[in-house]
Amino acid sequence: MSSKETMHLPFTSDEAVQSPDTKPDTQADSTNPIFYPDHDLCKLWSLWSGLSCQDAPLRLEQFFEQSSQLAVAQFSSKDKYRLWDFLTAAARKRIESISAISVYAPLDLDEEACVFFSGNEMDAWLFLFPPMGQGKQLSPSQIHKILAHQGVTFGVDWMRLWKLSSVTQRYFQLFPMAHGALPEPGQDGQILDHYPRSLQEDVHVDELDQATYTTLKLVQNIRENDIICEIIPPTPGKPGTTVTGKIIAATDGKPALVPQGRNTRLSDDGKYLLAARNGHVAFSGRNFQVKPVLHLYEKDIASKQNIKFLGDIHIHCDIGRGISICAMGMIQIDGAVECCAIEAGEDIIVSSGVQGQDKAVLHAQRSVYAKYLEHCTVYARNSIQADCIIACDIFSNGTVKARTGRGAIIGGIIRSSGQVSAITVGSKAECPTTVLLGGQPCEEAERAQVQLELENIEKSLASLEQKPHDQALEQKLSKLRLNQYVAKMKLEKFSKELETHATLSTNRDMRRLRCDTVYPGTTVTINHSSFRVSQTQSNCVIGVVDGLVGCL
């Protein structure tokens, strides 16, 4: 063996270890230590090789061949210190054995094997001291007995062990001889949905650019005992084993949180979430629910004026005059709507359209979709989408969109907290069309309505209090005072919500009117600043420019 850099992977090459007690530098780019000339291990190397290592330190490396099943293990900082101490002690003991032999007797020492364990006992290395004089080399079976005696019972690289006798440079190296098995954590349980949790709200447009609102996938019909989702159970963890045979506990997978909501149930084996009734399945944000559905046909509508239902309503016909419909969920209408009142806790879908005659009112807590909207009032806390909007009062806390079919917004007042987008806005006849952007239109409209209601209550109170009091009057006054208190509470709530929205709003730069064509007679107002279109413009975007409303 040469005395030059015989082995690599040092702790450091800059700071010499002046004594066997000096600790290695754990911050150096290394996995194994360096031993400097005055170290006992260097003395043993010189004694064995007959060469001096005064000019270069002894560098240890890990032996590795491509065919081995064990990769080169990395030492932790603590293991580096421990390895240095371990080899220092072993070398000192070997020197003492040599010193104990009489100088007149032949120096005969057998090969010696040392086993070093990582701190977590997941790896074991073999270090061999060479035989001296007529000393014998250890056989693979003898090395195996030494490994077993030291406690190595698991993960031995048998191929490396039996090939060790053929390794020419087997001394002053570290041989990875065993590697433990790390524990494998179990897989968490999973939920495989058979119904999507978020629904596609885009309106399908055919080759003639006509929107088909009946294809809106906002309703998912389900029958009793249909599978909503599959529940994959967690798997147990696979324990690990150290090279000394110790079992390392593994973490089992966690069960999935089953999204079981109203009108759903688990199957007997717990593998499926099932519908407990017929209806519409929907994801509420935390769980799946099956909502009851009220199906109404022309004969049902003809015999009723007021319809209320704690679920979804599906109407399979047109709706005529004077009908009031209220649902906690979604309302889907397959026909047209005339002058009536419709209120939904979720979406309103009108497959044909609304001919309101300035009397129809649609109020949705989410979105409104209609083929067309004419002469009606529409409230939507999310968005409003139609092929055309003509002479309507629109209140939307989201967007207002008319981009399919005719794609026109003509006349009326469009109020949107965000963006209004259409193919054309206004008309060649310069029909007055007003677009108000910003704020919270729905809340502002409700506050104005409550304010008017409060004023009427106060007028009634003032009038009644001037009359002679009797028991009937006192009851009426008590009821009015209660209504007055409730109205004031609502006004206070609306005021706080609007104030909070104005403070936290981060989408002011999204307030835009976008259209392919805008005609004179159109007025856009943002922050009490207005811009009136004086001539026809194409590919127009109107928003705030330097604090004023104008074309961008």
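Here is a short chat between a student and a tutor about this predicted model.

Student: How many helices and strands are there in the protein?
Tutor: Let's start with the overall make-up. Of the 552 residues in the protein, 45% are buried. As for helices and strands, the protein has 7 helices and 35 strands.

Student: Which residues of helix α1 are buried?
Tutor: Helix α1 covers residues 40-49. Its buried residues pack against β1 (34-35), β2 (58-59), α2 (77-100) and β4 (123-129). The buried ones themselves are D40, L41, C42, L44 and W45.

Student: Which residue takes a positive phi just after α1?
Tutor: Helix α1 is made of residues 40-49. Just after α1 there is a phi of about 75 degrees, and the residue that takes it is G50.

Student: Which strands stand at the edges of the open sheet β6-β10-β14-β13?
Tutor: This sheet has 4 strands in that order, with antiparallel pairing. A strand at the edge has a single partner strand, so one side of it is left without a neighbour in the sheet. That fits β6 (190-193) and β13 (264-266).

Student: Which residue in β10 stands opposite D193?
Tutor: Strand β10 (residues 227-232) and β6 pair in the antiparallel sense over 4 bridges. In β10, the residue opposite D193 is C229.

Student: Which residues make up the covered face of strand β30?
Tutor: Strand β30 runs over residues 433-437 and has a covered face and an uncovered one. T434 and L436 belong to the uncovered face. The covered face is T433, V435 and L437.

Student: What stands opposite L436 in β32?
Tutor: L436 belongs to β30, and R415 stands opposite L436. Strand β28 (residues 408-416) pairs with β30 in the parallel sense over 5 bridges. Strand β32 (residues 522-526) also runs parallel to β30, joined by 5 bridges. In β32, the residue opposite L436 is T525.

Student: Which strand gives the largest share of the largest nonpolar core?
Tutor: That core has 52 residues, and among those touching the most other members are I315, L373 and I394. The largest share is 6 residues, and it comes from strand β25 (residues 367-380).

Student: Which residues does I394 touch, not counting residues up to four places away in sequence?
Tutor: I394 is one of the core residues that touch the most other members. Leaving out residues up to four places away in sequence, I394 touches L373, V378, I384, I389, V400, I413, I414 and R415.

Student: Why is the pair of F116 and W125 called tilted?
Tutor: The structure holds 8 aromatic pairs. Planes under 30 degrees apart count as stacked, over 60 as edge-to-face and the rest as tilted. The rings of F116 and W125 have centres 5.9 Å apart and planes at 35 degrees, so the pair is tilted.

Student: Is F116 buried or exposed?
Tutor: Buried means under 20% relative accessible area. F116 has a relative accessibility of 3%, so F116 counts as buried.

Student: How many residues apart are Y379 and F395?
Tutor: Y379 and F395 form a stacked pair, with 4.6 Å centre to centre and 15 degrees between the planes. Y379 is in strand β25 and F395 in strand β26 (residues 383-396), so to speak in distant parts of the chain, and the gap between them is 16 residues.

Notes
Residues numbered from 1 in each chain as written. Predicted model: local features only at pLDDT ≥ 70, side-chain atom pairs only at ≥ 80, totals over all residues. Heavy atoms only, no water. Buried < 20%, exposed > 50% of the residue type's maximum accessible area, 1.4 Å probe, protein only. Helix = DSSP H or I, 4+ residues; strand = E, 2+ residues; numbered from the N terminus. Contact = heavy atoms within 4.5 Å. Pairing = 2+ DSSP bridges. Core = buried A, V, L, I, M, F, W, Y, C linked by side-chain atoms within 4.5 Å. Phe/Tyr/Trp six-rings, centres within 6.5 Å; stacked < 30°, edge-to-face > 60°.
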